[in-house]
Structure formats: structure tokens, C-alpha cells
Amino acid sequence: MTAPSEDQILVSAALAGDSDSFNQLVERYQNRVYGLCFRMLGDADAAADVAQDSFISAYRHLPSLRGEFRPWLMRIVANACRDVLRSNKRHPSVSLDTSAREEEDSLALQIADTNPNPEEHLMRAELHRTISVALLQIPPDQRTVVILSDIEGMSYDEIAIVTGANIGTVKSRLNRARARLREIFVAAELFPTVRRLIANDEP
Amino acid sequence: MSTISLSDMSLIQALADNELSAEQSASLRDRFVREPDLADAFTELVMLRELMNDMPVVRPARSLRLDRQTMQQARGWRWLLVSPPGGQFMPALGLVACLCMALLFGFGYDQVSAPDQIRLKGAVSAPLSAEAPVDPAAATNATADSVPLAASQPEPSMLPLLGVTIGLVGTAGSARWWLRLRKIQRRSV
């Protein structure tokens with residue numbers, strides 16, 4: 001029999017009435033949860049609200065948890081983000097005057113870079129901003145899969161659990177998402193910049 | 001700008017994710033020599049993955065910890081079944097519920113007297129005696145009324161079985177959950 005993971009221990013302690021154990025889980029996963037929300041929604045305030053609501057929902061449904069905590073939590077988060085995106089589509093609350101530049105600035109403010117070289121720092125910051133904005137241009141179901149796979153480093157199996165889709169669908173969505181992102185990168189002529197950065201990294 | 005078909009994209013994605021067999025990989029790499037666009041697309045895909053993987057961590061501006069009041073409000077009915085004090089006594093409560101169901105439906109139903117059973121089925125409540133005037137029309141109506149009511153109730157002999165089954169399933173489920181919880185807690189000490 002396998003030993004319980006640290007998550008399982010914290011979950012059982014939370015179920016036994018230790019509220020601090022659940023907050024330890026929150027601290028452990030809040031960056032991942034917020035990161036997924038932020039990259040899905042592209043808005044810092046909305047992402048924080050959805051992330052907070054997801055943790056409350058996870059706490060409410062903790063007694064029904066079966067299996068691993070992380071994919072279960074990320075499924076709650078992905079569903080919450082999808083609901084918000086659907087709701088925004090039906091009832092757009094953002095002003096039509098909001099420019100893409102404002103969105104880019106919002107994204108840029110969230111991303112801290114510790115690179116000491118100023119020129120390279122600027123190039124990387126621009127690159128990360130472009131990726132974040134490009135992510136917002138692909139359909140939400142593809143976006144979820146590519147974030148979970150290429151940013152969060154989840155396996156196909158885990159992504160299938162999180163999204164509730166089968167592995168074939170996960171691969172197909174990932175394929176389409178990457179193809180679309182590549183198109184955006186080629187159109188923005190970003191790959192020469194990336195090649196230059198890689199060349200700088202090499203000794 | 002080069003245009004790569006979706007099927008070729010899925011092939012190079014499979015190569016990047018190490019999902020192709022050795023033969024398929026070799027065949028695709030052969031194509032890279034003949035088709036530089038495909039080779040470029042593969043290089044760009046690998047770069048794209050690395051770029052995404054290198055994306056910096058984003059952090060929320062505030063802590064997302066839940067306070068006690070929020071936790072208290074978020075607790076649903078399921079929490080009553082698992083958390084103390086209710087959760088500790090859940091298997092015992094399940095057993096008691098099982099016994100109550102058995103007593104109520106198993107034994108209690110058989111104790112009901114014959115006239116009560118007739119009344120339950122919607123028959124006239126007047127005492128049945130030889131002197132009572134018999135109205136054939138009323139008797140016909142009473143019989144007609146009693147049919148749908150009797151038909152809507154389950155068979156009396158099934159009720160104890162149903163009660164005991166529900167009780168046993170509830171007891172077994174809660175005991176399983178309780179044991180699992182205790183096992184994890186014991187091992188975590």
C-alpha cells in the first residue's frame with residue numbers, strides 16, 4: 001500500500017476539523033491556481049476573485065474528494081474560469097474602449113523578471129507579454145490545455161482529469177493550440193528574437 | 001510565412017513529446033532534410049514549449065487563505081457526515097438508523113390490526129357488523145376508491161427489506177469512509 005501524500009494528510013486533517021491544514025493547502029497551490037486564472041482571464045482582479053472562489057468551493061466539496069487533490073482542485077479552477085468566460089461572453093462587462101495595450105500592461109505588471117542584463121530583460125519581458133496576450137487569442141478549451149501542459153507541466157493524464165476530456169481530445173486541443181500560437185509568433189516575427197536570446201544563453 | 005498542415009503539426013508535436021516510435025521518428029527526421037519548412041516548424045515548436053515552460057510565476061497580490069468565518073459558511077451538509085462530532089459517530093448512527101428502519105417497517109407494519117389495514121386502504125370507517133345497513137352503491141365506491149391507494153403503496157413484504165438495505169448501505173458507506181480517514185490519520189502521526 002502506498003503511503004499517503006502530504007496533500008492527503010492535510011486533506012484528512014482539514015476534514016477532521018483542522019482549518020489551518022486547509023490553509024496550508026491554499027498556500028501550497030495559490031500561485032498555480034492564480035496563475036491558471038490569470039492566464040485564462042487576462043485580468044488580475046478577476047483572477048484573484050475566481051481563485052478565491054475556487055478555494056472556497058474546494059473547501060465546501062472537500063468531503064466528496066476522491067483521489068489526488070491537485071487535479072481535483074485544478075478541475076474546480078478550470079471550470080470556474082470557463083464559467084466566468086461564458087458569463088463575460090453573454091454579458092460583457094469590460095468597456096469596449098479597453099485597448100489591447102491596457103491588457104498587455106496588466107499582464108506585464110504581474111510578471112517579475114530577475115534578469116540582470118537590461119536589454120535581455122526587456123526582450124524577455126516583451127516575449128512573455130506577447131505569449132500572455134497570444135494565449136488570450138486562442139479558444140478557452142485550447143488555452144486551458146496548453147497552459148496546463150506547457151506552463152504547469154502536467155501530463156496528458158492529469159490534463160484529461162482536469163478538463164474532463166479524453167486523452168485524444170487533449171492531444172488534439174494541444175495540437176491546435178500550439179499551431180495557433182506558432183502562427184501568432186511567426187506573424188509577430190518573434191522567433192528571430194527567441195533565437196537571439198537562445199544564442200545569448202549559450203556559452 | 002510557411003504553412004504546415006495540421007496532420008504534419010500533430011506529427012511534429014508527437015515527436016517533440018516523445019510519442020513516436022523509433023521508425024516514425026527516423027522517417028520524420030528524414031523529411032526534415034527534404035522539407036526545411038517542416039524542420040523549422042519543429043524547431044519553433046520546441047522553442048515555443050521552452051518559452052512557455054520558462055514563463056515566470058505570477059503571484060496574487062493578496063493571500064488567498066480562508067478565514068474561519070468563510071470556512072464555517074462554506075461547510076455544506078456533507079461536512080456533518082465527516083467532521084467531528086457528527087463524523088465520529090456516523091457508523092453508530094448508521095447502525096441505529098438501520099435498526100430503526102427494521103423495527104418500523106419490519107415489525108411495526110405486521111402489528112397493525114386488520115380493521116386499521118382496511119381503513120388505511122380507504123374503506124368506510126363504520127364498524128363492520130352483521131346489523132350494519134349495507135348500501136351496495138357505497139360498497140362499490142369504497143372498493144373503487146381503495147384500488148388506486150393500495151396500488152400506489154409498495155408491497156408490505158418489501159418494506160422491511162428496503163429499510164434494512166438502505167440502513168446497511170448507509171452504515172457500510174459511512175464505516176468505510178470513517179475507517180479510511182482514521183487510517184490516513186494514524187499513518188500521518
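The following exercises, with worked solutions, concern a predicted model of two protein chains, A and B.

**Exercise 1. The nonpolar core**

Determine how many residues the largest nonpolar core has, and which helix gives the largest share of this core.

*Solution.*
Step 1. The largest nonpolar core has 88 residues.
Step 2. Among the residues with the most contacts inside this core are F22(A), F69(A) and I12(B).
Step 3. The largest share, 11 residues, comes from helix α2 of chain A, which covers residues 19-41.
Step 4. For F69(A), leaving aside residues up to four places away in sequence, the residues touched are D7(A), V11(A), L25(A), Y29(A) and L62(A).

**Exercise 2. The interface of chain A and chain B**

Describe the interface by its contacts, its buried area and the classes of residue on the side of chain A.

*Solution.*
Step 1. On the side of chain A, 63 residues are in contact with 49 residues of chain B.
Step 2. The two chains bury about 5,500 Å² between them, and 62% of this area is on carbon and sulfur atoms.
Step 3. Of the area that chain A buries against chain B, 13% is supplied by Y59(A), R178(A) and R182(A), more than by any other three residues.
Step 4. There are 17 residue pairs in polar contact between the chains, both residues being at pLDDT 80 or more.
Step 5. Helix α2(A) gives the largest share of the side of chain A that touches chain B, namely 12 residues.
Step 6. By class, this side of chain A has 36 nonpolar, 15 polar and 12 charged residues.

**Exercise 3. Salt bridges between the chains**

State how many salt bridges cross the interface of chain A and chain B, and examine the pair K171(A) and E19(B).

*Solution.*
Step 1. The rule finds 5 salt bridges across the interface.
Step 2. In the pair K171(A) and E19(B), the closest N and O atoms are 3.1 Å apart.
Step 3. K171(A) lies in helix α9 of chain A, whereas E19(B) lies in the loop between α1 and α2 of chain B.
Step 4. The relative accessible area of K171(A) is 32%, so this residue is partly exposed.
Step 5. E19(B), at 36%, also counts as partly exposed.

**Exercise 4. A salt bridge within chain A**

Explain why the salt bridge of E152(A) and R32(A) ties together parts that are apart in sequence, and decide whether each residue is buried or partly exposed.

*Solution.*
Step 1. The side chains of E152(A) and R32(A) meet at 3.2 Å, N to O.
Step 2. E152(A) lies in the loop between α7 and α8 of chain A and R32(A) in helix α2 of chain A, so the pair ties together parts 120 residues apart in sequence.
Step 3. Buried means under 20% relative accessible area. E152(A), at 15%, therefore counts as buried.
Step 4. R32(A), at 28%, is partly exposed.

Conventions: Residues are numbered from 1 along each chain as its sequence is written. Chains are lettered from A and ligands numbered from 1 in the order in which they are written. This is a predicted model: local features need pLDDT of at least 70, side-chain atom pairs count only at pLDDT 80 or more; totals for chains, interfaces and linings use all residues. Side-chain values use heavy atoms; hydrogens and water are left out. A nonpolar core is a set of buried Ala, Val, Leu, Ile, Met, Phe, Trp, Tyr and Cys residues joined through side-chain atoms within 4.5 Å. Buried means under 20% relative accessible area, exposed over 50%, partly exposed in between (1.4 Å probe, protein chains only). Helices (H or I, at least four residues) and strands (E, at least two) are DSSP runs, numbered from the N terminus. Contact means heavy atoms within 4.5 Å. Buried area is the accessible area (1.4 Å probe) that two parts lose on being put together, summed over both. A salt bridge is a side-chain nitrogen of Lys or Arg within 4 Å of a carboxyl oxygen of Asp or Glu. A polar contact is a pair of N or O atoms within 3.5 Å; within protein, one must be able to donate a hydrogen and the other to accept it, and residues adjacent in sequence count only if both atoms are side-chain atoms. Ala, Val, Leu, Ile, Met, Phe, Trp, Tyr, Cys and Pro count as nonpolar, Asp, Glu, Lys and Arg as charged, and the others, Gly among them, as polar.
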